Amino acid sequence: MRMIDHRIYFLRTKAQIEDFRRRYARFIAAEGENYVRWVQGFPLCEWVDYLKGVPEKNIPVLVGMLCHLYLSGRIYITFHDTQPLVCRDPSSEEEWNAWVASQATPFKIPGKRRK
């Protein structure tokens with residue numbers, strides 16, 4: 001089975017963006033917040049297979065919605081260059097700093113402890 005490159009569904013031009021927003025205006029209004037919450041549920045700074053379990057026929061709208069939300073500043077993501085993966089990026093400096101702090105491990109100098 002041949003894998004489809006889902007990047008073909010990215011909204012890259014002004015015309016594509018406007019067409020998607022016009023064509024799916026009701027869907028965006030009805031489901032936009034659900035998509036925002038879905039993406040915010042992804043782990044921060046980790047690649048996620050966002051297409052897992054999505055029927056092929058729904059992929060163009062899902063990818064378009066993610067592009068729309070990103071371009072609207074409602075979600076912060078990075079699409080992988082070659083794989084159907086997305087990474088949720090920090091939405092603020094505070095979120096970034098909290099994530100960095102959660103990843104830090106204390107540095108211990110080998111040897112004797114000072115008294």
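**Exercise 1. In what order do the three strands form an open sheet, and is the pairing parallel or antiparallel?**

Keep in mind that you're working with a predicted model.

*Step 1.* Start with the general idea: strands of a sheet pair through backbone hydrogen bonds, in either a parallel or an antiparallel way.

*Step 2.* Now read off the order. The open sheet runs E1-E3-E2, and its pairing is antiparallel.

*Step 3.* Look for the edges. Strand E1 (47-48) and strand E2 (77-79) are the edge strands, each pairing on one side only.

*Step 4.* Zoom in on one pair. E1 and strand E3 (residues 86-88) are joined by two bridges in the antiparallel sense. Trp 47 stands opposite Cys 87 in E3.

**Exercise 2. Work out which elements supply the largest nonpolar core, and what Phe 79 touches there and elsewhere.**

*Step 1.* Find the best-connected members. The core has 23 residues, and the ones touching the most other members are Tyr 50, Leu 66, Ile 75, Ile 77 and Phe 79.

*Step 2.* Sort out the suppliers. At least two residues come from each of helix H1 (14-23), helix H2 (25-40), H3 and E2. H3 gives the most, with seven residues.

*Step 3.* Follow Phe 79 outward. Leaving aside neighbours within four places in sequence, Phe 79 is in contact with Phe 10, Trp 47, Tyr 50, Leu 66, Cys 67, Leu 85 and Val 86. You've already met Trp 47, opposite Cys 87, and two others, Tyr 50 and Leu 66, are on the list from Step 1.

**Exercise 3. Decide whether His 68 and Leu 44 are buried or exposed, then find their contacts.**

*Step 1.* Place them. His 68 sits in helix H3 (residues 59-71), while Leu 44 is found in the loop between H2 and E1.

*Step 2.* Apply the cut-off: buried means under 20% relative accessible area. His 68 has 8%, so it counts as buried. Leu 44 has 12%, so it counts as buried too.

*Step 3.* List the contacts, skipping neighbours within four places in sequence. His 68 is in contact with Leu 11, Phe 20, Arg 21 and Ile 28. Leu 44 is in contact with Arg 88, Asp 89, Pro 90, Glu 95 and Trp 99.

*Step 4.* Check one distance. Leu 44 and Ser 91 are 47 residues apart in sequence, and their C-alpha atoms are 9.8 Å apart in space.

**Exercise 4. How many salt bridges does a search of the whole structure find? Go through three of them.**

*Step 1.* The search finds five. The idea behind them is simple: side chains of opposite charge can pair when their charged atoms come close.

*Step 2.* Take Arg 7 and Asp 5, whose side chains meet at 2.7 Å, N to O. Arg 7 is partly exposed at 30%, and Asp 5 is partly exposed at 35%.

*Step 3.* Next come Arg 22 and Asp 19, also at 2.7 Å, N to O. They're three residues apart in helix H1, so about one helical turn separates them. Arg 22 is exposed at 60%, whereas Asp 19 is partly exposed at 24%.

*Step 4.* Then try Arg 74 and Glu 33, with closest N and O atoms 2.0 Å apart. This pair links distant parts of the chain: Arg 74 is in the loop between H3 and E2, Glu 33 is in helix H2, and they're 41 residues apart. Arg 74 is partly exposed at 30%, and Glu 33 is partly exposed at 42%.

*Step 5.* Finish with a network. Salt bridges that share partners join Asp 19, Arg 22 and Arg 23.

Note on methods: Residues are numbered from 1 along each chain as its sequence is written. This is a predicted model: local features need pLDDT of at least 70, side-chain atom pairs count only at pLDDT 80 or more; totals for chains, interfaces and linings use all residues. Side-chain values use heavy atoms; hydrogens and water are left out. Two strands pair if DSSP finds at least two bridges between them. Helices (H or I, at least four residues) and strands (E, at least two) are DSSP runs, numbered from the N terminus. Buried means under 20% relative accessible area, exposed over 50%, partly exposed in between (1.4 Å probe, protein chains only). Contact means heavy atoms within 4.5 Å. A nonpolar core is a set of buried Ala, Val, Leu, Ile, Met, Phe, Trp, Tyr and Cys residues joined through side-chain atoms within 4.5 Å. A salt bridge is a side-chain nitrogen of Lys or Arg within 4 Å of a carboxyl oxygen of Asp or Glu.
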